[in-house]
Amino acid sequence: MSDHSTTSEWYKNPAEREVLKTDLLTLNMGPQHPATHGVLRVEIKTDSEIVVEAIPHIGYLHRCMEKHCEGLDYRGIIPYTDRMDYLGAMGMEWGYALTLEKMLGTEVPQRAEYIRVLVAELQRIASHLMFFGTYAIDLGAFSPFLYAFQDRETILRIFEELSGARLLYNYIWIGGVWNDITDGQLRRITKFCEEMSESLKKYHALVGENHIFVGRTANVGMMSKELCFDHGATGPILRGSGVNWDLRKNRTYGLYKDLDFDIIVGEGIKGQVGDCWDRYWVRMQEMHESIKIIKQCLDGIEEGPIIGKVPKVIKIPEGEIYMRTECPRGELGYHLISNGGKTPYRLKVKSSCFTHVGLLPEVAKGQMIADFVATIGSIDIVLGEVDR
Amino acid sequence: MHNELAQLINSNVSGSNAEHVARENGDDVLFISSEHILRVCTFLKSAQGYEFNVLQVVTGCDYTDRIEVSYILASFINNLELILKTKLLKENKDHTPELESVCSVWEAANYQERECFDMLGVCFKNHPDPRRILCPDDWEGYPLRKDYVPAEKYNGMVINPEHKINREEIFFGEKLKREAVDPKKISYSWKKPEYFPDGVPESTESE
Amino acid sequence: MDMTNVNPHEDTLTFKKWFQNVWRGFSTAIKGMGITFKYVYSVKPVTIEYPEVREELPKNSRSRLFNDVQNCISCHMCATACPVDCIYITAERREKDAPKLKTSDGTAIRLDLKQYTIDTALCCYCGLCTTVCPTQCLTHTTDYEYAAYTVDSMKYDYTSPEIVAWRERLVK
C-alpha cells in the first residue's frame with residue numbers, strides 16, 4: 001500500500017529509506033492488549049512508528065471444538081457453536097440448525113422462522129453495537145461504549161427472557177426454536193426498534209461525524225475489492241470495500257427472500273472506498289436495515305407451532321453438505337460430513353474472522369501503529385471464532 | 001453443473017481425472033487427482049462461466065487409510081459453490097502426505113492450508129509460511145486425525161491433571177457396585193471405559 | 001470539493017484549510033458534547049448497586065440446577081443429553097417386595113437413587129438436561145449467587161440432606 005496516506009514521505013522513497021535505515025524493533029501487541037479484542041497477539045516489526053511487518057499469532061483460545069463435536073450428539077453441539085462467536089451466538093446456532101435441517105429435510109414452522117429472523121437481526125444489532133462501542137474505545141472515546149452497552153442490554157434482557165441465558169443461548173434448535181415469544185416481548189421489541197432508530201442517528205452524529213474520528217479512520221486501512229476477494233473476506237468488510245454481496249439476498253435462506261431490505265455498500269463518503277470509516281459506516285447502516293427487517297417480522301409473525309417434526313435421536317443420513325449463512329461478522333460456513341451415525345464424522349466450521357486475521361499482515365504494511373489499531377478494530381474480530 | 005465442470009476440467013487439465021460424485025443427501029462433490037490440484041485451481045479461478053474467485057475453506061477429513069482434502073470454492077461473480085476433493089493416501093499415524101499449495105492462486109489459502117497442516121498433517125509444498133497455526137509450534141500429533149491420541153504431557157506439564165477430573169463420582173459408582181450384594185442392580189451414568197485404563201485405584205476404597 | 005475528502009498529508013496545507021480543519025474538529029466535538037450532556041441529565045441510572053440491590057432474574061433464566069430427588073426416577077436421560085458429561089448418577093434397582101414409590105405425577109420409581117451429583121464447575125448451563133427430564137424434577141432455578149472457594153465444593157450431591165433442604169427456597 002504505497003499510496004497510504006499516513007505513511008511519511010521518507011518512507012515512500014526507497015533510496016532515502018536505505019540511508020535512514022535503523023534496526024527493526026519487534027513489538028508484541030497482545031495477547032492481553034485491550035485493542036486486540038481478545039487474546040490475539042500480533043508481532044509487529046516496526047521501523048520507527050511504521051509497521052513493516054505484522055505477524056498475527058492466534059490459537060490462545062483454541063479449544064478444538066471440531067474434535068469435540070465428533071464425540072457429541074447433534075443436539076449437544078449447539079451449545080458449542082454458541083461459544084465460537086459469543087457476541088453473535090444466535091447466528092452461529094442458526095447456521096448449524098440450517099445445515100442439519102437441510103440434511104434431514106425438516107420443515108420449520110412459519111412462526112419459528114419468524115422468530116429466528118427476529119432474534120438473528122436483534123443479535124446483529126447487539127453485535128454491531130458492541131463493535132461501535134469498542135471501536136470508539138480503541139480510538140479514544142469512552143462514552144459511546146457506555147451508550148452502546150445500554151442499548152445492547154435491552155436486547156440481552158429480551159434474549160434472557162426468551163432463552164434463559166444472556167450470551168450463550170442454545171435457543172435455535174434443530175427444527176425450530178426452544179421457547180415461544182410472548183406478545184409482551186414483541187411489544188417491547190417494537191418499542192426498542194423505535195428508540196434504536198433514534199439512538200443510532202445520535203450515535204452516528206456523536207462518533208461517525210466527529211472530525212477526529214474521521215481523521216483517524218478515513219483513508220486508513222484501505223482494502224480493495226481484489227484484496228478482499230483474494231483473501232476471502234466476507235461480510236461488512238467485503239461490503240465496505242464496495243462489493244454488493246450479502247448472503248441474505250444472494251443465497252437466501254430462512255425468510256429473507258420475503259423481506260424487504262437493502263444491502264449497504266461502502267461508498268467512500270469520507271475518504272476512499274474500503275477504508276476503516278466505510279466499514280464503520282456499513283455496520284451502522286446495517287443496523288438500520290436490521291430494524292427494518294425486525295419491523296416487517298413483527299408485522300408478519302403469526303400464531304402456530306414453534307418446532308417441527310424432528311426424530312428423538314437425530315441420525316443424519318450419509319453425505320456431506322456445505323452451508324453458508326450471513327453472520328454479523330461475515331459468512332459462516334458449516335461443512336458437515338456424516339457417515340450415518342448419531343455423531344458427525346467431521347464438522348468443519350469456516351469462520352469469517354479467521355480469514356480476516358489473514359488479511360491483517362497485508363493491510364498493516366506501511367501503516368502507523370496507531371492506524372494499525374484502528375484497522376484491527378474495524379475488522380471486528382472475535383477470537384472465540386478465530387480459534388474455535 | 002458438476003458434470004459439465006468435470007468435463008471442462010478434464011479437457012483443459014490433462015490427467016486431472018475429474019470425477020463427479022453425486023450424493024443422495026447434501027451437496028455433490030468433484031474428485032480430482034492430487035497431483036494436479038494447483039493446475040486445476042488455476043484453471044477454475046479463470047474458467048469461463050464459473051470464475052471461482054474466492055477460496056472459502058481448505059479442510060480435510062481423515063479416514064483410516066486416506067485423508068480427503070476438500071477445497072470449497074465460491075464464485076461471487078456467478079454465485080456458485082463447489083466442493084473440490086482430492087484423496088491422499090495415509091500410510092501410518094505419523095505419515096504426512098504431500099500436496100501442492102494453492103497460495104499462488106488465492107491468498108486465502110495461506111491460513112487455511114496452515115490450519116489443515118496443523119489439524120490433519122497434510123504438508124503443502126511451496127507454502128510460504130509452513131508453520132502450525134492454532135496449536136503451539138512444538139505440538140506433537142495432528143488432533144483431527146481419527147487415530148490421534150491426546151497428549152499426556154506438554155513441555156513437562158501434565159495435561160488434564162487428575163485433580164481436575166471428577167474421579168470421586170466415577171469411583172462412587174464402582175464402590176457401590178463392589179459393596180452391593182448383587183452388582184448387576186447398580187447402574188451409573190459415567191460409563192466411559194477410557195477413564196479406567198488400569199482398573200479402579202484402591203485408594204478410593206479407604207474413605 | 002468536500003473538505004473532509006481532502007487528505008491533510010497529501011495536500012499542501014494552506015492557512016484557510018488549517019483553520020477549516022480546526023473549526024471542523026471543534027464544531028463536531030461540541031456537537032458530540034451536546035449529545036453527551038443530554039445523557040447526563042435525561043437518562044435514568046441504568047446500573048444497580050449490587051450487594052444492596054439484587055437483580056431479579058427472569059423466570060426461565062438458566063442458573064443453578066436443582067434436582068428434586070423425590071421425583072427423580074433415575075432414568076439417566078439428563079446424563080446422556082449432557083454435552084459436557086457433568087452429571088453423575090448412581091442408582092440401584094429396587095427390591096421386588098419393597099413398598100411401591102411414585103413421583104408426584106404418578107410415574108413409578110423403579111430405581112433407588114444413590115447419588116445424583118452435578119459438577120457445576122463443569123456445567124455449561126445449556127439447559128439440555130432439563131428439557132429431556134420426563135418428570136420435570138431437574139430444573140434451572142433463578143439462584144445465581146453460589147461462588148465457591150474450591151472446585152471440589154462446586155459439586156453438588158442432590159441426595160444429601162442439606163441440599164434437599166434448598167427445595168423450600170429454590171423451587172417456586
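**Entry 1: confidence**

I started at the front end of chain A, where pLDDT stays under 50 over residues 1-6. For that stretch the model has 15 contacts beyond four places in sequence. This is a predicted model, so I keep a general caution in mind: where pLDDT is low, the predicted coordinates should not be read in detail.

I then looked up chain A as a whole and found a mean pLDDT of 85, with 95% of its residues at 70 or more. Chain C has a mean of 78, and 91% of its residues reach 70 or more. In chain C, too, residues 1-6 stay under 50, and there the model has seven contacts beyond four places in sequence.

Where in chain C is confidence lowest, and where is it highest? I found the lowest mean, 69, in helix 5 (residues 167-170) of chain C, and the highest, 86, in helix 3 (residues 128-132) of chain C. For the complex, the predictor gives an ipTM of 0.80 and a pTM of 0.85.

**Entry 2: helix 8 and helix 13 of chain A**

Next I turned to a pair of helices. Two packed helices are described by the angle between their axes and the distance between the axes. Helix 8 (residues 183-208) of chain A and helix 13 (residues 276-300) of chain A have axes that come within 10 Å and cross at roughly 165°. An angle over 145 degrees counts as roughly antiparallel, and these two helices of chain A are therefore roughly antiparallel to each other. I noted the crossing of helix 8 past helix 13 of chain A as left-handed.

I listed who makes the contact. From helix 8 of chain A the residues are A:L186, A:I189, A:T190, A:C193, A:M196, A:S197, A:L200, A:H204 and A:G208. From helix 13 of chain A they are A:Y280, A:W281, A:M284, A:M287, A:H288, A:I291, A:I294, A:K295 and A:L298. Sorted by class, the residues of this contact are 12 nonpolar, five polar and one charged. The spacing in both lists made me recall a general point: an α-helix has 3.6 residues a turn, so residues three or four places apart point the same way.

**Entry 3: helix 15 of chain A**

I wanted to know about helix 15 (residues 369-379) of chain A: how many of its 11 residues are buried? I found nine, so I wrote the helix down as mostly covered. They are A:D371, A:F372, A:V373, A:A374, A:T375, A:I376, A:G377, A:S378 and A:I379. Their cover includes strand 3 (50-57), helix 6 (110-138), helix 9 (211-217), helix 11 (236-240), helix 13 and helix 14 (352-364) of chain A.

I followed up on helix 14 of chain A. Its axis and that of helix 15 of chain A come within 11 Å and cross at roughly 155°, and the two are therefore roughly antiparallel to each other. Helix 14 of chain A passes helix 15 of chain A in a right-handed crossing. A:H356, A:L360, A:V363 and A:A364 of helix 14 meet A:F372, A:T375, A:I376 and A:I379 of helix 15. I counted six nonpolar, two polar and no charged residues in this contact. Just after helix 15 of chain A, A:D380 takes a positive phi of about 60°.

**Entry 4: where chain A touches chain B**

I moved on to the contact between these chains, which takes 31 residues from chain A and 28 residues from chain B. On the chain A side, the elements giving two or more residues include helix 14, already met above, and strand 6 (319-327) of chain A. Strand 6 of chain A gives the most, with four residues. By class, I have 11 nonpolar, 10 polar and 10 charged residues on this side.

**Entry 5: chain B**

I noted four helices and 10 strands in chain B. Of its 207 residues, 37% count as buried.

**Entry 6: single residues**

Is A:N170 buried or exposed? It has 26 other C-beta atoms within 10 Å, so I put it down as buried. A:N170 lies in the loop between helix 7 (143-163) and strand 4 (172-173) of chain A, and its phi is positive, near 55°.

B:E51 also has a positive phi, about 45°, although it is not a glycine. With 16 C-beta neighbours inside 10 Å, B:E51 counts as partly exposed.

My last stop was B:P150, in the loop between strand 7 (123-125) and strand 8 (153-154) of chain B. B:P150 has 11 C-beta neighbours inside 10 Å and so counts as exposed.

Conventions: Residues numbered from 1 in each chain as written. Chains lettered and ligands numbered in written order. Predicted model: local features only at pLDDT ≥ 70, side-chain atom pairs only at ≥ 80, totals over all residues. Axes fitted to C-alpha atoms, helices over the stretch in contact; angles between N-to-C directions. Parallel < 35°, antiparallel > 145°, perpendicular 65-115°, else oblique. Left-handed = near helix turned anticlockwise from the far one by under 90°. Contact = placed C-beta atoms within 7 Å. Nonpolar A, V, L, I, M, F, W, Y, C, P; charged D, E, K, R; others polar. pLDDT = per-residue confidence, 0-100. Buried ≥ 20, exposed ≤ 12 C-beta atoms within 10 Å, placed from the backbone.
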